[in-house]
Amino acid sequence: MSWWKCAMTRVTRADVADWARGLDEVLDRIAVRFGRAEPRRRAGAYLRGLLAPVERKNGWQLAEAAGDATPDGVQEFLSRVRWDAEAVRDDLQTYVADHLGDPDAVLVLDETGFLKKGTKSAGVQRQYTGTAGRIENAQVGVFLGYAGRHGHALIDRALYLPKSWTDDRARCRAAHVPDDVTFATKPALGLAMLERARGAGLPFAWIAGDSVYGGDHAIRRWAEDHRIGYVLTVTSGQRLAMRPVAGWLADQVEARPQDAPPVWQRLSAGDGAKGPRLYDWACLPYRGAAPGFQCALLVRRSLADPDETTFYLIHAPTGTPLCDLVRIAGRRWTIESGFEQAKGEVGLDQYEVRSYPGWHRHVTLAMLAHAYLAVLRRTAIGGRGHHGPRPRPPAADRARDPAPAGRSRRSASTQHRRGPRLVRLAAAPSTEGQTRSLAPTDPNATTTNQNT
């Protein structure tokens with residue numbers, strides 16, 4: 001049973017009124033993006049349809065939920081009516097910052113697949129997608145998630161276009177792909193999203209992602225240049241000091257003095273469906289960080305199979321406790337939860353559009369609906385909800401317009417330096433030893449006393 005259905009068992013009239021005010025706030029934020037009354041009405045009906053308990057959030061059922069006899073109006077709204085999905089995406093980010101903002105939040109990069117038939121939908125081809133766990137005919141979207149202590153939401157998206165598409169401009173034009181959209185790798189799409197989030201002044205301190213993004217040097221260099229922390233998964237083939245990380249780890253362990261304390265600590269990376277996600281963790285610093293920061297290799301080892309290991313490259317403020325690094329590593333799973341919720345609750349994958357703009361429009365509104373539910377979840381557990389800070393003015397279209405007067409444009413890294421670097425948590429229990437900080441050693445050191 002979803003959290004939404006659980007909440008319904010304790011609903012009051014005051015709750016319903018508060019939900020309605022919250023949705024009105026969302027619609028007020030994006031109203032300026034629609035020049036006429038009819039598109040604004042369509043946007044409101046579309047969002048309400050995505051939030052309604054209809055079986056599928058496709059054109060026909062959304063039209064029925066809006067009281068229309070045919071899906072023509074819905075299709076026209078997604079395909080032909082003039083409105084800017086990028087500007088609505090900016091409004092989504094300010095909404096999330098206002099209600100879920102956390103200076104120690106984690107931005108999470110990941111992708112998800114949308115299984116499709118045929119060859120006409122923008123970006124579709126036979127490609128691997130984790131949605132199916134195999135190669136299927138699908139579209140793939142790259143997403144940026146926001147995960148903080150108040151909740152998590154999806155805040156940016158980009159449809160991945162394989163070279164088979166970008167090399168065929170006639171095919172792109174048929175799917176209404178703009179002529180200036182060229183091939184970009186998934187990490188390049190992700191880096192553009194990180195830059196947009198930073199440019200928007202979104203509060204965050206960390207980046208997380210799987211090996212597709214962790215293995216990309218440009219993403220890591222960007223975070224280091226802007227003094228932003230990261231906990232990024234890499235493959236066992238990632239190289240440190242000209243050695244694969246697995247071999248580098250073995251070298252460090254072998255060089256470890258026999259009387260040194262053990263490195264492995266048993267810590268939880270957060271609660272899963274079956275309780276705490278317990279693993280053994282080790283953290284070994286290496287040189288190359290900027291002053292005030294430390295680079296390290298974080299290793300996760302399965303309790304059931306000690307040969308099953310996962311590697312992370314770390315860039316963190318010096319002295320960051322291991323339990324905090326583990327917590328941040330665990331935040332990567334929030335985006336997978338977000339995909340599941342957005343597909344199950346608000347129809348993220350249930351669109352019936354083929355065009356490039358249509359995909360971005362539907363997905364953006366589905367993300368906005370999902371963020372609204374995340375804010376309701378916070379309200380339900382006692383957060384500030386819709387009675388919190390006054391909403392900021394609608395976000396400017398950052399591609400073309402300057403920031404509204406009076407709006408702070410401080411970068412995430414500036415916010416990070418002004419406040420505490422970390423949310424200090426109580427040390428998680430360990431069966432191997434006491435929780436220790438990432439060793440405050442010389443940045444040029446290559447070994448640490450956290451080896452076994």
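Which residues of helix α12 (residues 245–254) are buried? Select that helix and you'll find them: V245, G247, W248, L249 and Q252. Keep in mind as you click around that this is a predicted model.

**What sits over α12**

Leave those buried residues highlighted and bring up the strands around them. The cover over the buried residues of α12 includes β7 (239–240) and β8 (243–244), along with β10 (275–286), β11 (293–301) and β12 (309–317).

**Zoom out**

Now show the whole chain. You're looking at 16 helices and twelve strands. Of the 452 residues, 53% are buried. Try drawing the contacts too: among those with a separation of 6 or more, 69% link residues 24 or more positions apart.

**Into the core**

Next, select F143 and L298. These two have the most contacts inside the largest nonpolar core, a set of 123 residues. Then pick helix α15 (residues 356–380), which gives the most to this core, with 14 residues. As background, nonpolar side chains in soluble globular proteins tend to be buried together.

**Two helices crossing**

Time for a helix pair. Select α2 (residues 13–30) and α6 (residues 85–100); their axes come within 9 Å and cross at roughly 140°. Why is α2 called oblique to α6? Angles have to be over 145 degrees to count as roughly antiparallel, so with that crossing angle α2 is oblique to α6. The crossing of α2 past α6 is right-handed.

For the side chains, light up E25, V26, R29 and I30 on α2. Opposite them on α6 you'll see V88, D91, T94, Y95, D98 and H99. If you're wondering about the spacing along a helix, an α-helix has 3.6 residues a turn, so residues three or four places apart point the same way.

**A stop at T166**

Jump to helix α7 (residues 163–166) and pick T166. Is T166 buried or exposed? T166 has 8% relative accessibility, so it counts as buried. Setting aside neighbours within four places in sequence, T166 is in contact with L161, C172, T182 and F183.

**Cysteines to finish**

From T166, step over to its contact C172. C172 counts as buried because its relative accessibility is 0%. Now go to C295, which counts as buried as well because its relative accessibility is 4%. How many disulfides should you look for? The count comes to zero, taking a disulfide as a pair of cysteine sulfur atoms within 2.5 Å.

Methods
Residues are numbered from 1 along each chain as its sequence is written. This is a predicted model: local features need pLDDT of at least 70, side-chain atom pairs count only at pLDDT 80 or more; totals for chains, interfaces and linings use all residues. Side-chain values use heavy atoms; hydrogens and water are left out. Buried means under 20% relative accessible area, exposed over 50%, partly exposed in between (1.4 Å probe, protein chains only). Helices (H or I, at least four residues) and strands (E, at least two) are DSSP runs, numbered from the N terminus. Contact means heavy atoms within 4.5 Å. A nonpolar core is a set of buried Ala, Val, Leu, Ile, Met, Phe, Trp, Tyr and Cys residues joined through side-chain atoms within 4.5 Å. Axes are lines fitted to C-alpha atoms, for helices over the stretch in contact, and angles run from 0 to 180 degrees between N-to-C directions. Angles under 35 degrees count as roughly parallel, over 145 as roughly antiparallel, 65 to 115 as roughly perpendicular and the rest as oblique. A crossing is left-handed if the near helix is turned anticlockwise from the far one by less than a right angle, and right-handed if clockwise.
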